[in-house]
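Subject: Structure for your files

Hello,

Here is the structure I said I would pass on. My notes on chain B follow below it.

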Amino acid sequence: MILQTRDIGKTFGSVLALRGVSMGVAEGTVTCVLGDNGAGKSTLIKILSGVHQHDTGSYLVDGAEVRFSSPREALDRGIATVYQDLAMIPLMSVWRNFFLGSEPRKGPAFDVARARRVAAEELRAMGIDIRDVDQPVGTLSGGERQSVAIARAVHFGARVLILDEPTSALGVKQAGVVLRYIARARDRGLGVVFITHNPHHAYPVGDRFLLLNRGTSMGEYAKADLGKDELTALMAGGAELEELAHELRRE
Amino acid sequence: MTAAPARADERVARVGLARRLIVRPELGAVVGLVAVFAFFAAQSEVFRSPAGIANWLDPAATLGIMAVAVALLMIGGEFDLSAGVLTGTSGLILVTLATRYGFGVWPAMLAGLVVALAVGFANGLVVTRTKLPSFIVTLGTFLMLQGVNLGVTKAITGTVQVGGLRRAPGFDGASAVLAGTIQIGGTSFRVAILWWIAITALATWVLMRSRPGNWIFAVGGDEQAARAVGVPAARTKIALFMTTAVAAWLVGSILALRYTSVQANIGIGQEFIYIIAAVIGGCLLTGGYGSAVGASIGAVIFGMADKGIVFLGWDADWFKFFLGAMLLLATLANRMVRRYAEEVRR
């Protein structure tokens with residue numbers, strides 16, 4: 001396991017946002033974190049990515065306990081997070097975005113030629129088909145933007161990729177494209193933490209599934225132990241969904 | 001500016017020169033420049049003579065130095081309304097220290113620089129710490145400096161101006177460097193024009209070819225996203241406010257050395273002209289987009305109109321009307337150009 005939590009918890013004032021969650025992600029595997037709105041998914045990934053610090057339990061990277069005080073610290077340990085909304089600057093070109101915050105240098109200058117070339121190469125290596133790295137990111141589709149952000153994290157030596165709802169705002173086809181890049185990142189040996197509320201996106205690509213509900217863990221399952229229907233049922237709170245089906249049935 | 005991609009994509013049509021030009025932020029300003037030049041040059045022979053050019057490049061230079069700095073700040077997503085009055089503060093410090101307290105001109109300028117840097121730092125610190133709009137924060141600084149300029153000058157001299165810089169030690173050297181003239185082909189040009197060109201070149205290099213340049217676009221485009229990928233957003237913004245302050249100090253010193261006296265109310269109202277020049281040059285009011293060259297071209301348009309109206313023998317009040325019309329046209333043009341740019345690239 002590259003990254004592991006043991007009974008991790010977080011409170012905001014009197015609100016218990018997260019209680020006793022244990023999970024892990026190994027090299028070359030995808031761990032999906034599933035849960036409805038308010039289940040604690042965001043709190044968990046913010047702890048993993050260094051935005052928040054946990055109050056209880058322990059957080060281990062490479063088997064040693066850590067406590068990150070900033071996202072930069074997590075990034076230095078190879079834990080990169082791609083957020084759904086704040087991934088890119090729309091008016092800046094793809095290559096400027098790609099190297100933002102870690103620009104290659106040539107003397108005192110920003111090595112623009114290299115940035116352009118490397119961005120184009122890295123995108124192609126991930127199988128991402130961007131027409132022109134000079135175009136502003138604002139002109140890319142949502143899926144393309146997510147893909148560029150993933151390629152960027154991979155290029156900068158991420159060992160663990162945390163993806164915050166990368167498919168939730170996308171259409172079926174676009175979501176498929178992003179899932180393919182998740183699989184490709186996994187094949188390159190990265191550990192992926194994939195946050196979603198859509199079991200249909202999680203199941204095909206995931207190796208392990210952590211289910212959250214109201215801030216607590218409903219268990220972490222390996223793919224072999226859990227069918228897709230079970231996953232969907234667990235997600236929706238099983239019994240609740242059946243009840244709803246009854247309610248909605250025509251008399 | 002486009003490097004050839006390693007493998008051409010069949011969906012990217014060969015982008016023609018015209019289209020590549022139109023996606024530049026300076027385009028609107030260049031069109032305006034040509035139109036304004038043609039208008040005045042057609043009616044006034046003096047306007048298009050070398051002496052005339054030297055004449056309208058002079059106000060363009062001091063305005064241009066400020067407009068370039070303000071453009072960088074606006075690309076970084078902030079405003080500085082105190083920049084105009086700060087030119088006055090810097091000039092007043094220079095003249096007061098050099099004429100009343102026995103400072104040489106150079107040490108007095110250094111003192112002015114220290115104060116300007118402190119004001120810029122304070123502006124930046126308050127804006128980044130409190131997250132208040134810079135419009136409000138620097139409006140406060142603007143009013144405070146305006147009060148200090150008048151209050152302190154009155155308290156020291158009993159009048160609203162300080163003068164007599166010519167007699168201060170070191171005046172000749174400083175004046176030659178900042179306020180002198182140079183001869184080019186028999187016409188004398190103000191040396192401030194060289195400072196302006198050098199600053200425009202430096203600012204363009206920083207924006208397009210340095211890491212801080214990338215950060216400036218980023219903090220203006222989306223500060224949250226920039227911070228998330230490790231851009232030192234607060235430091236970038238504070239540095240931008242300090243850059244504007246240094247420009248104000250430079251312009252204040254140039255003007256003080258040129259006229260050898262400074263009015264306590266100088267610079268009031270200029271801050272909007274800097275912003276207007278930057279907007280004409282393609283800067284978005286919302287930040288994240290613009291150019292230093294564009295702001296300089298905006299300043300040239302102002303210089304032309306300022307002097308051109310006089311050459312034509314019109315009432316100088318028409319300048320204000322021109323100012324408003326240019327701003328409106330430029331903002332509309334910028335919006336259209338940007339929209340077109342994004343469509344072209346799609």
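Of the contacts in chain B that link residues at least 6 apart in sequence, 79% are between residues at least 24 apart. Please keep in mind that this is a predicted model.

The chain as a whole: chain B contains 15 helices and four strands. Its C-alpha atoms occupy a box of roughly 70 × 55 × 35 Å along the principal axes. The radius of gyration of chain B is 21 Å, which agrees with the value near 20 Å that a compact globule of 346 residues would have. Of those 346 residues, 49% are buried.

I then looked at one helix, α9 of chain B. α9(B) covers residues 192-209, 18 in number, and spans 25 Å between its first and last C-alpha, close to the 26 Å expected at 1.5 Å a residue.

Which residues of α9(B) are buried? They are B:A192, B:W196, B:I199, B:T200, B:A203 and B:L207. Viewed down the axis of α9(B), the buried residues lie within an arc of 105 degrees, so they line one face of the helix. The spacing fits the general rule: an α-helix has 3.6 residues a turn, so residues three or four places apart point the same way. B:A198 and B:L202, on the other side of α9(B), are exposed.

What covers the buried residues of α9(B)? The cover includes four helices of chain B, namely α4 (50-75), α10 (211-221), α12 (233-259) and α14 (292-311), together with the strand β3 (187-190).

Regards

Note on methods:
Residues numbered from 1 in each chain as written. Chains lettered and ligands numbered in written order. Predicted model: local features only at pLDDT ≥ 70, side-chain atom pairs only at ≥ 80, totals over all residues. Helix = DSSP H or I, 4+ residues; strand = E, 2+ residues; numbered from the N terminus. Expected span 1.5 Å × (residues − 1). Buried ≥ 20, exposed ≤ 12 C-beta atoms within 10 Å, placed from the backbone. Arc of directions from axis to C-beta. Contact = placed C-beta atoms within 7 Å. Rg over C-alpha atoms; globule rule 2.2 N^0.38 Å.
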